[in-house]
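Trainee: I'd like to learn how to read pockets, patches and charge pairs off a model. Can we walk through one together?

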Amino acid sequence: MPYLVARDLPAEPAGIRFRALVEHAGILPLPGAHNGMAALQAKAAGFAALYLSGAAMTAQMGLPDLGIITVDEVSFFIRQLERASGLPVLVDGDTGYGEALNVMHMVRVFEAAGAGAVHIEDQLLPKKCGHLNDKKLADARDMAAKVAAAARARRHLYLIARTDAAASEGMDGAVARARLYLEAGADAIFPEALTSAEMFREFARRLPNVPLLANMTEFGRTPFFTAAEFEAMGYRMVIWPVSSLRVANKAQQALYDTIAQLGSTQPMLQAMQTRQELYDLIGLNAYEALDASIVASLVPGPQH
């Protein structure tokens, strides 16, 4: 159920809650949630934290994931997920929306919006999805400066540095970059687009005791692994970044095709969330009860 009033809200900042989840025993599963409804459904399924993907944000806006949306647009989605679920959210910060000062601005804005964690990556603009070819990498020292700026600007935000270097600089280059980013203040490392279990294990072996994040995106370069398998390979977090959007989009296309062909939605009823299921999930009755409790008129008593 969504949070309604101040006393319903978590007492601790989202960054502290996210850090505690990472440090707890076992791997932290972070399903992508592309809007408030997805956040509510993930929470109802039992997840303790969420992931907000840049690819999912841009796709639902009808745009490609090329780093062209703004900090304020991302903040709209952060507030939506946080308001709906109250869960700590790891946010895709792309390349930080500029250089060091821009990164500091991003961190402050994201924290104010309610984010629990952010990851920034070492690509140059226009950046690409990590599983595409011909990515252009920033100088490692420039990326380290961004990480240091983010660490300086944050209050509680958990900071993850993503490196896309494995594809072009190999394991040695990716590990060297990761170590530099950790020295600059990153709490964890996200090695993107590793292509085998051996690569995942090797990266973890060469960075012992470092919290690592794995990306289990579909239709990419990484083979399918379960959360338990990633944990066994030495990872503390795993994201499924665009899965919720992919499933929703596929179902939505089927709906539109049905209407176009038949002029009716009736064949799709079994695939639909019912009115009652929707109202239960968004807490309609709770909102109505709260509204009734605060708008009841009180007649003033005699003044004399």
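Mentor: Sure. Start with the term itself: a pocket is an open set of grid points with protein on both sides within 12 Å along at least five of seven lines, and a lining residue has an atom within 4 Å of a point. Keep in mind that this is a predicted model.

Trainee: What is the idea behind looking for pockets with a probe?

Mentor: Rolling a probe the size of a water molecule over the atoms shows where empty space is left. Here, the largest pocket has a volume of about 650 Å³. Its lining is made up of 23 residues, and those nearest the centre are Gln 41, Ala 248, Ala 251, Ala 271 and Gln 273.

Trainee: Which helices each supply at least two residues of that lining?

Mentor: Helix H2 (36-44), helix H10 (243-262) and helix H11 (275-282) do. H10 gives the most, with seven residues.

Trainee: And how do the lining residues divide into nonpolar, polar and charged?

Mentor: You get 13 nonpolar, nine polar and one charged.

Trainee: Okay, now the surface. Which residues make the nonpolar patch?

Mentor: Met 61, Leu 63, Leu 66 and Ile 68 make a nonpolar surface patch of about 310 Å². Take Met 61, which sits in the loop between helix H3 (54-60) and helix H4 (71-85).

Trainee: Why does Met 61 count as partly exposed?

Mentor: Because its relative accessibility is 32%, and partly exposed covers what falls between the buried cut-off of under 20% and the exposed one of over 50%.

Trainee: On to charges. What should I look for in general?

Mentor: Side chains of opposite charge can pair when their charged atoms come close. A search of the whole structure finds 14 salt bridges. One of them joins the side chains of Arg 155 and Glu 111, at 3.2 Å from N to O. That pair links distant parts of the chain, 44 residues apart: Arg 155 is in the loop between helix H6 (140-153) and strand S5 (158-163), while Glu 111 is in helix H5 (residues 100-113).

Trainee: Are Arg 155 and Glu 111 buried or exposed?

Mentor: Arg 155 is exposed, with a relative accessible area of 58%, whereas Glu 111 is buried at 13%.

Trainee: What about Arg 162 and Glu 121: how far apart are their closest N and O atoms?

Mentor: They are 3.3 Å apart, in a salt bridge. This pair also links distant parts of the chain, with Arg 162 in strand S5 and Glu 121 in strand S4 (residues 117-121), 41 residues apart. Both Arg 162 and Glu 121 are buried. They also belong to a network of salt bridges that links Glu 121, Arg 162, Asp 164 and Glu 192.

Trainee: Which residue does Arg 246 meet in a salt bridge?

Mentor: Glu 218, at 2.9 Å from N to O. The pair links distant parts of the chain, 28 residues apart: Arg 246 lies in helix H10, and Glu 218 in the loop between strand S7 (213-215) and helix H9 (227-232). Arg 246 counts as partly exposed because its relative accessibility is 30%, and Glu 218 counts as buried at 16%.

Trainee: Last one, the backbone. Where is Tyr 97 found?

Mentor: In the loop between strand S3 (89-92) and H5. Tyr 97 has a positive phi of about 65 degrees although it is not a glycine, and it is buried, at 19% relative accessible area. Asn 209 is not a glycine either, and it has a positive phi of about 65 degrees. Asn 209 lies in the loop between helix H8 (197-206) and S7 and is exposed, at 82% relative accessible area.

Definitions and conventions. Residues numbered from 1 in each chain as written. Predicted model: local features only at pLDDT ≥ 70, side-chain atom pairs only at ≥ 80, totals over all residues. Heavy atoms only, no water. 1 Å grid on protein atoms, 1.4 Å probe; cavity = no way out; pocket = protein on both sides within 12 Å on 5 of 7 lines; lining within 4 Å. Points joined across faces, edges and corners; volume = space filled by probe spheres on them. Helix = DSSP H or I, 4+ residues; strand = E, 2+ residues; numbered from the N terminus. Nonpolar A, V, L, I, M, F, W, Y, C, P; charged D, E, K, R; others polar. Patch = residues over 30% accessible without salt bridge, like charges linked within 9 Å, V, L, I, M, F, W, Y side chains within 5 Å. Areas by Shrake-Rupley, 256 points an atom, 1.4 Å probe, with all protein chains shown as cover. Salt bridge = Lys/Arg side-chain N within 4 Å of Asp/Glu carboxyl O. Buried < 20%, exposed > 50% of the residue type's maximum accessible area, 1.4 Å probe, protein only.
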